[in-house]
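Welcome! Here is a short guided tour for anyone opening this model for the first time. Take a look at it below, and then we can walk through it together.

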Amino acid sequence: MAGAVPELPEAEVAAWRAEGTPVVELLARAQRLGPVSGIRLGDRPVALVTGPEAVRHVLARRPERYVKRSHRMRHLLGDGVLTVDGEPWRGQRRLFQPQFTVQGVRRYERCMRDAVEDTARAWAESARTGRPRDLVADMRRFTIDVIWRATTGLPLDDTTHRQLLAAARIVASIAALGPADTTELEHDLAEVDAAAARAVTAARAKGDPGILDALLGAVELPDPDGRLVRDNFVTLLVAGYETTAATLSWLLLLLHDHPEHRDRALAQGPAGSPARTAAIRALISETLRLYPAALLLFREATEDDDLAGHRVPAGTTVALCAYLTHRDPRLWPDPERFLPQRFHEPAPRPALGTYYPLGLGPRTCLGAQFTLQEMTLLAEALLPAFDVTLEGKRPEPAFDITIHPDGPLLATLTRRRRSG
């Protein structure tokens, strides 16, 4: 017979609040109770899931029993494909899916390469002058540029860049657990909305269809006021730039600390070869293991269920934490070390439920192939051409909805003598 989910004592939750430590510290305390554990926040119980069997059950095997409800960023994302559930989600997913297959992503490689070239030019100028750069800011600009080009066909201008950075401030203001406070976000929301309106106008006027084209003429998803198009532009922006920029920032920091892995990847083959690309993908995969896209994935149980031997009543909030699963020493030997060879053949693929940086099952990140491709193209251009030397204090992780560097990542760039 299934037993109750073991719950972290309220005294430990209170101690965590008093200490003011990151939320991941509270989650790690709960994880010690087992692969499914409980945290009570006020009168709201949350079941924390970190064990692979339970992860598989929730995300891949019984996703109809664990659904998305009110998303924590609903006020920003509206009714886009990331926040809705049921038939509205299925309808939007069907429209977008062809855009984000491996074949579909190839339509946007020119946009990605143009953004890569702009970033490489900026780095080359800084290498020439010796002026330090904030690599976090660079990665954010690059990923915003990719989304803007793929949506509008236009390069990113400074006004749009400034407005869309407001989305990052909104995301960073929302705690991973607890109620979302939106009282001071109106100005940032207005900035995002202004840029979104220009994106939709440009997409409608664009002769070559872009990412939003699937929605602009969709008769099966009526959108008379254009709100659904706006919501999905912002969804693509938030899902496609903030998390990707964070991953690229962590990658640069990890390779600064472990340049031997950069050199090993570049030595696998000449520029553009399948062997080098596979090695660079392994660098990215290991970065995503250490710093997955989101700290928590939330679901709600729609019916009573037995989850890894524990009784989960209908209505329970379930929070899955890839960050803790990915650092569990029972699943990953030496889990705190950056070891890209875990993902490079002939290493076996991780078992289902042990690795899910972009989700798992039917709601796996829709843009996974898109984001992996843009990261790969940027890394293939920058890693052979530049050495990165960090300056000043290195940022700590910020555990909000995303896991991102808490502050700038200042570095001096120098040209590599051999950029094969």
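A cavity here is a set of grid points where a 1.4 Å probe fits but cannot get out, and a residue belongs to the lining if it has an atom within 4 Å of such a point. Keep in mind that this is a predicted model.

## Enclosed spaces

How many cavities of 30 Å³ or more does a search of the whole structure find? The search finds two.

The largest cavity has a volume of about 40 Å³. Its lining is made of Met139, Leu248, Leu251, Leu252, Leu378, Ala379, Leu382 and Leu383. These lining residues divide into eight nonpolar, no polar and no charged. Two helices, α12 (227-257) and α16 (368-382), each supply at least two residues of this lining.

The second largest cavity holds about 30 Å³ of space. Around this second space you will find Val136, Arg140, Glu242, Ala245, Ala246, Ser249, His404 and Pro405. Three elements give two or more residues to the lining of the second largest cavity: α8 (135-152), α12 and β12 (403-405). Of the elements, α12 gives the most, with four residues. By class, the lining of the second largest cavity has four nonpolar, two polar and two charged residues.

## An open pocket

The second largest pocket has a volume of about 790 Å³. Its lining counts 30 residues, and those nearest the pocket centre are Ser285, Arg349, Pro350, Tyr355 and Leu372. The lining of this pocket divides into 17 nonpolar, eight polar and five charged residues. Helix α16, which we met at the largest cavity, turns up again here: α14 (274-290) and α16 each supply at least two residues of the pocket lining.

## Helix α8

Let us return to α8, one of the elements that line the second largest cavity. This helix has 18 residues and reaches 25 Å from its first C-alpha to its last, close to the 26 Å expected at 1.5 Å a residue. Is α8 mostly covered or mostly open? It is mostly covered, with 15 of its 18 residues buried.

Both ends of the helix are worth a visit. At the N-terminal end, Asp134 acts as a cap, with a side-chain oxygen 3.1 Å from the backbone nitrogen of Val136. Val136 is also one of the residues lining the second largest cavity. Just after α8 comes Gly153, which takes a positive phi of about 80°.

## A five-stranded sheet

Next, find the open sheet of five strands, whose order is β2-β3-β9-β6-β4, with mixed pairing. Which strands stand at the edges? They are β2 and β4 (66-67), each with a single partner strand, so one side of each is left without a neighbour in the sheet.

The table follows three of the pairings across the sheet.

| Strands | Sense | Bridges |
|---|---|---|
| β2 (36-41) and β3 (44-49) | antiparallel | six |
| β3 and β9 (317-320) | parallel | four |
| β6 (297-301) and β9 | antiparallel | four |

Some individual partners help you find your place. Val36 has Val49 in β3 as its bridge partner. Val46 is bridged to Thr317 in β9. Leu297, in turn, stands opposite Leu320 in β9.

## Backbone details in the loops

A few loop residues deserve a closer look. In the loop between β7 (305-307) and β8 (310-312) sits Ala308. Ala308 has a positive phi of about 50° although it is not a glycine. Its relative accessibility is 28%, which lies between the 20% and 50% limits, so Ala308 counts as partly exposed.

The loop between α15 (322-326) and α16 contains Asp334. Asp334 also has a positive phi of about 50° without being a glycine. At 39% relative accessibility, Asp334 counts as partly exposed.

Pro346 is likewise placed in the loop between α15 and α16. What kind of peptide bond joins Glu345 and Pro346? It is a cis bond, with omega about 15°.

Notes:
Residues numbered from 1 in each chain as written. Predicted model: local features only at pLDDT ≥ 70, side-chain atom pairs only at ≥ 80, totals over all residues. Heavy atoms only, no water. Pairing = 2+ DSSP bridges. 1 Å grid on protein atoms, 1.4 Å probe; cavity = no way out; pocket = protein on both sides within 12 Å on 5 of 7 lines; lining within 4 Å. Points joined across faces, edges and corners; volume = space filled by probe spheres on them. Nonpolar A, V, L, I, M, F, W, Y, C, P; charged D, E, K, R; others polar. Expected span 1.5 Å × (residues − 1). Buried < 20%, exposed > 50% of the residue type's maximum accessible area, 1.4 Å probe, protein only. Polar contact = N/O pair within 3.5 Å; in protein donor to acceptor, adjacent residues only side chain to side chain.
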